[in-house]
Amino acid sequence: MELDHGFFKIAKAAGIEIAEHSAVSSIDVGESLVKTIAGDYFRYEYLVFADGTSGFGSKLQVPKNRNIAMQILFQADIEDKIDIHFGISKRGYGWVSSYHGNVNIGLTDIYDRDINYRDLFGEFVKTLGMDIPLDNLYAAFTPIGVGEPIINKNIYYAGDALGACDPFTLSGLRYGLESGRAAAHSIVENKPEIYNLFAKSLKRRFFITRSMQRAFYLEPILFMVFNIGCRFFGRMISSVFNNFFVNKK
Ligand SMILES: Cc1cc2nc3c(=O)[nH]c(=O)nc-3n(C[C@H](O)[C@H](O)[C@H](O)COP(=O)(O)OP(=O)(O)OC[C@H]3O[C@@H](n4cnc5c(N)ncnc54)[C@H](O)[C@@H]3O)c2cc1C
């Protein structure tokens, strides 16, 4: 919330008008016109969908797999740390991070509609030996795969709406910011190729991390990494995981 508010203030200070408590409810691509739930119409020269994985813009893209990510935030007197837990969900991981008494417990998985994720989260919390109410449990989807960066020449996609989120680690903030910058650059220069190239490089990068995700959660690989690797090369494995799941975010 603090980060969002920080961006909100930057946008306002730059003179951008923000329609709060509103949402895009329909679009006329031919007329370059969007309508909001408040019934207002906006004509656009360019439209940038930065409305997340399941926002309105996703209706104009081909549907893809998604990760689910859940977290709960609370205050507790726990030492500062970030722990990553594997084996909680089938194709994802759990985390416990605490900083100056602000604790964040979370869980991610490749979304499977047959799994009751609330129950799974509850079990995870229990294995941590904690007893916390799950009333404020928050869940959202993050994308797997990069979509079309530009449609109809003047509709751009940025952030999760584009798929600018690493499917393996769920690192989305840095890629979201990079995609926003690249989209702005492309629009200002009137050069769609700038953004198409950016999306292509992201696609290549995430193709690799998606392949790593597919391989990593196979049982023999998990066994080798945790039962053999950690026993003999613990330090090396720990530094690789720190790099991927903590530092790179
Ligand atoms: C539990 C969880 C933990 C995560 N942890 C990390 C992490 O540690 N590090 C990291 O880098 N990334 C993390 N991510 C991923 C990261 O949060 C996302 O990649 C990032 O927030 C994407 O930003 P965004 O602005 O593209 O989309 P969002 O943050 O999803 O914002 C989209 C916005 O669009 C609005 N919107 C939706 N529909 C409409 C509509 N019809 N009209 C108008 N507005 C609309 C929404 O209200 C929302 O404000 C995490 C995600 C989750 C869910």
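The legends below describe close-up views of a predicted model.

**Figure 1. Overall layout of the predicted chain and its domains.** The chain holds five helices and 11 strands, and its C-alpha trace spans about 60 × 35 × 35 Å along the principal axes. Three domains are assigned, of which domain 1 is made of two segments, 2-64 and 148-213, while domain 2 covers 66-143 and domain 3 covers 224-249. The centres of domain 1 and domain 3, taken over C-alpha atoms, are separated by 34 Å. Of the 249 residues in the chain, 23% are buried. Among contacts with a separation of 6 or more, 54% join residues that are 24 or more positions apart.

**Figure 2. The shell of residues around the ligand.** The ligand is surrounded by 23 residues, and the closest of these are Gly 52, Gly 55, Gly 159, Gly 172 and Leu 173. Strand 5 (66-75), strand 9 (138-143) and helix 3 (173-189) are the elements that each give two or more residues to this shell, with strand 5 giving the most, namely three residues. By residue class, the shell is made up of 11 nonpolar, nine polar and three charged residues. Because domain 1 and domain 2 both give residues to the shell, the ligand lies between them.

**Figure 3. The loop between strand 11 and helix 3, seen at Gly 159 and Ala 161.** Gly 159, one of the residues closest to the ligand, is found in this loop and counts as buried, with 25 C-beta neighbours inside 10 Å. Leaving aside residues up to four places away in sequence, Gly 159 touches Ala 50, Ala 164, Gly 176, Ser 179 and Gly 180. Val 146 is 13 residues from Gly 159 in sequence, and the two C-alpha atoms are 10.0 Å apart in space. Ala 161, which lies in the loop between strand 11 and helix 3, is buried as well, with 25 other C-beta atoms within 10 Å. The contacts of Ala 161, again not counting residues up to four places away in sequence, are Phe 49, Ala 50, Asp 51, Gly 52, Gly 55, Gly 57 and Ser 58; Gly 52 and Gly 55 also appear among the residues closest to the ligand. By contrast, the C-alpha atoms of Ala 161 and Phe 226, which are 65 residues apart along the chain, are separated by 34 Å.

**Figure 4. Helix 4 and the elements that pack against its buried residues.** Helix 4 (residues 192-216) has 25 residues and should span 36 Å at 1.5 Å a residue, which agrees with the 36 Å between its end C-alpha atoms. Its buried residues are Tyr 195, Phe 198, Ala 199, Leu 202 and Phe 206, and these pack against strand 10, strand 11 and helix 3. Ser 211 also has its place in helix 4, but this residue counts as exposed, with 12 C-beta neighbours inside 10 Å. Ser 211 and Pro 167, although 44 residues apart in sequence, have C-alpha atoms 9.7 Å apart in space.

**Figure 5. The kinked helix 5.** Helix 5 (residues 219-247) has 29 residues, and a straight helix of this kind would reach 42 Å at 1.5 Å a residue, yet its end C-alpha atoms are only 26 Å apart. The helix has a kink of about 110°, centred on Phe 233. The number of buried residues among the 29 of helix 5 is zero, so helix 5 lies largely in the open.

**Figure 6. Positive phi at Ser 32 and Lys 153.** Most residues other than glycine have a negative phi. Ser 32, however, has a positive phi of about 50°, and Lys 153 has a positive phi of about 70°, although neither is a glycine. Ser 32 lies in the loop between strand 1 (24-28) and strand 2 (33-36), where, with 16 C-beta neighbours inside 10 Å, Ser 32 counts as partly exposed. Lys 153 lies in the loop between strand 10 (150-151) and strand 11 (155-157) and is exposed, with 8 other C-beta atoms within 10 Å.

Key. Residues numbered from 1 in each chain as written. Predicted model: local features only at pLDDT ≥ 70, side-chain atom pairs only at ≥ 80, totals over all residues. Domains from an automatic or database assignment. Near = placed C-beta within 6 Å. Helix = DSSP H or I, 4+ residues; strand = E, 2+ residues; numbered from the N terminus. Nonpolar A, V, L, I, M, F, W, Y, C, P; charged D, E, K, R; others polar. Expected span 1.5 Å × (residues − 1). Bend = angle between axes of the 7 residues up to and from the residue. Buried ≥ 20, exposed ≤ 12 C-beta atoms within 10 Å, placed from the backbone. Contact = placed C-beta atoms within 7 Å.
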